[in-house]
Amino acid sequence: TFTAYKIFNVSYSGTNYAYTLDQAFDGFLSYDGNTYENAEAFISALEGMTANSPLMDELSAKLYAYIQTGPAGLVSYSATAGAGPDVPSVTIDGIPLGYYLVYGSAVNEGEDVSGDPITNTIVASCALTTTDPNSSITPKVDAPSIHKEVEHHAGDGVWQDWTDVNIGDQVNFRISTAVPNRRGYNATTRPYSFTVHDVMSPGLTLDPGSIVVKLNGVPLTVENDYTVTTNHSGKAPTEDTEITITFNSSEFITYTTGAPIVITYSATLNDQAVIADVGNPNRVQLEYSTNPYLPSKGRTPWSWVRVYTYKIDIFKYTGDLDDASPPVSGAKFKLCRSSDGTQPVFFTLITEGSYTVKKTGTVSAGGVDGDEIIVSPASGLIHIKGLDAGRYYLIETAAPKGFHLNSTPVEIKIE
């Protein structure tokens with residue numbers, strides 16, 4: 001919706017014209033610290049300003065604030081554009097000649113508008129005279145965006161919207177946005193708000209010391225440039241982790257428009273991880289100022305990534321496999337990434353026959369000697385959860401009494 005508010009009337013003498021202040025704006029001459037002696041002084045000051053200048057921005061802000069007070073006799077004309085990207089323009093018809101402040105509000109495509117509608121503000125001025133009875137304004141609703149990615153495997157440099165890992169593995173996340181146009185804002189009376197909201201599912205444990213925020217590739221300083229708050233230390237294991245990064249408005253207003261902002265941090269997939277299915281989601285949303293004249297804020301749509309992990313079931317039996325196959329208990333195995341028995345997977349025993357991945361690697365790399373051994377229970381069924389996709393080898397290390405050891409590695413693929 002666009003609304004044109006008449007500030008000046010235009011009068012003619014032959015081919016010459018002059019502006020006179022509309023009566024609704026008589027009070028503006030002394031409004032909010034203004035010291036215009038009369039309408040002519042206001043007109044003279046306005047004529048000395050250039051479009052899109054800080055002085056014009058400041059004047060527009062005051063004019064709009066004054067309009068919000070509801071001065072008597074205010075003259076305005078409005079029109080509403082249709083929705084969608086294919087609406088080329090909106091026309092406000094029947095406007096008398098004069099000088100107008102045009103105020104518009106719009107909802108961006110993809111905007112999160114749950115609850116009260118969230119709008120972005122457009123302000124421009126235009127003059128209509130007999131020599132130029134039609135005025136065109138090309139507004140730009142500069143709504144920021146935000147995008148989240150996860151590194152496929154830690155250190156490989158492949159960023160995408162999903163990964164699959166073992167429980168216990170490090171997962172690296174990257175959030176990308178940019179400094180928006182902050183026209184009409186300043187460091188004191190009209191600060192620009194820019195806040196990143198990140199939510200991790202319970203299956204991910206945040207490393208709070210890993211959070212790094214960069215502007216144009218240069219690390220910013222926590223507390224000076226931004227603050228971080230999380231519920232990491234006090235939350236229950238089954239609760240989401242919430243991360244809020246709030247940029248310091250007095251610093252943010254000085255940043256170059258369009259400069260890239262990149263936030264990175266790491267987490268570990270833990271034993272609360274959801275196996276396969278919808279995975280372990282992680283999402284981010286940006287909250288930002290939408291109107292320099294009002295304390296209104298917008299939110300981008302959520303940007304999602306997912307972390308997957310998987311499970312396998314192993315049945316140790318004797319004879320032919322059928323419904324009557326006798327289970328074998330007490331058989332010991334290792335699950336390794338290599339057929340030669342190296343790169344074993346280490347486990348945490350949950351209940352008899354049920355294991356959760358602790359980590360992969362070697363004893364010298366942090367594994368605990370013995371934790372790589374899994375044992376078949378009385379049912380013969382071994383359940384393992386928390387595995388990355390890929391190729392594994394099941395190697396029997398000890399057979400129960402009365403059975404022969406099967407030393408041939410059994411290949412397992414998770415795809």
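These legends go with four close-up views of a predicted model.

**View 1. Asp-388 in its loop, with His-153 as a partner.** Asp-388 belongs to the loop that runs between strand S24 (381–387) and strand S25 (390–398). Its relative accessibility is just 4%, so Asp-388 counts as buried, the cut-off for that being under 20%. Look for His-153 here: its side chain and that of Asp-388 are joined by a polar contact of 2.8 Å.

**View 2. The company Asp-388 keeps.** Leaving aside residues up to four places away in sequence, Asp-388 touches His-153, Asp-164, Val-165 and Asn-166, along with Thr-309, Tyr-310, Arg-337 and Ile-414.

**View 3. Tyr-12, Tyr-17 and Tyr-19 among the aromatic pairs.** There are 24 aromatic pairs in the structure. In one of them, the ring centres of Tyr-12 and Tyr-17 are 5.9 Å apart and the planes meet at 50°, so this pair is tilted. Tyr-17 also pairs with Tyr-19, this time edge-to-face, with 5.9 Å from centre to centre and 75° between the planes. How exposed is each ring's residue? Tyr-12 is partly exposed at 32%, Tyr-17 is partly exposed at 40%, and Tyr-19 is partly exposed at 21%. Zoom out a little and these three turn up in a cluster linked by ring pairs, together with Phe-8, Phe-25, Phe-28, Tyr-31, Tyr-36, Phe-42, Tyr-66 and Tyr-99.

**View 4. Charged ends over rings, at Phe-173 and Trp-302.** Lys-148 has its charged end over the ring of Phe-173, 4.9 Å from the ring's centre. Over at Trp-302, it's Arg-283 whose charged end sits over the ring, 4.6 Å from the centre.

Definitions and conventions
Residues numbered from 1 in each chain as written. Predicted model: local features only at pLDDT ≥ 70, side-chain atom pairs only at ≥ 80, totals over all residues. Heavy atoms only, no water. Helix = DSSP H or I, 4+ residues; strand = E, 2+ residues; numbered from the N terminus. Buried < 20%, exposed > 50% of the residue type's maximum accessible area, 1.4 Å probe, protein only. Polar contact = N/O pair within 3.5 Å; in protein donor to acceptor, adjacent residues only side chain to side chain. Contact = heavy atoms within 4.5 Å. Phe/Tyr/Trp six-rings, centres within 6.5 Å; stacked < 30°, edge-to-face > 60°. Lys NZ or Arg CZ within 6 Å of the ring centre and 35° of its normal.
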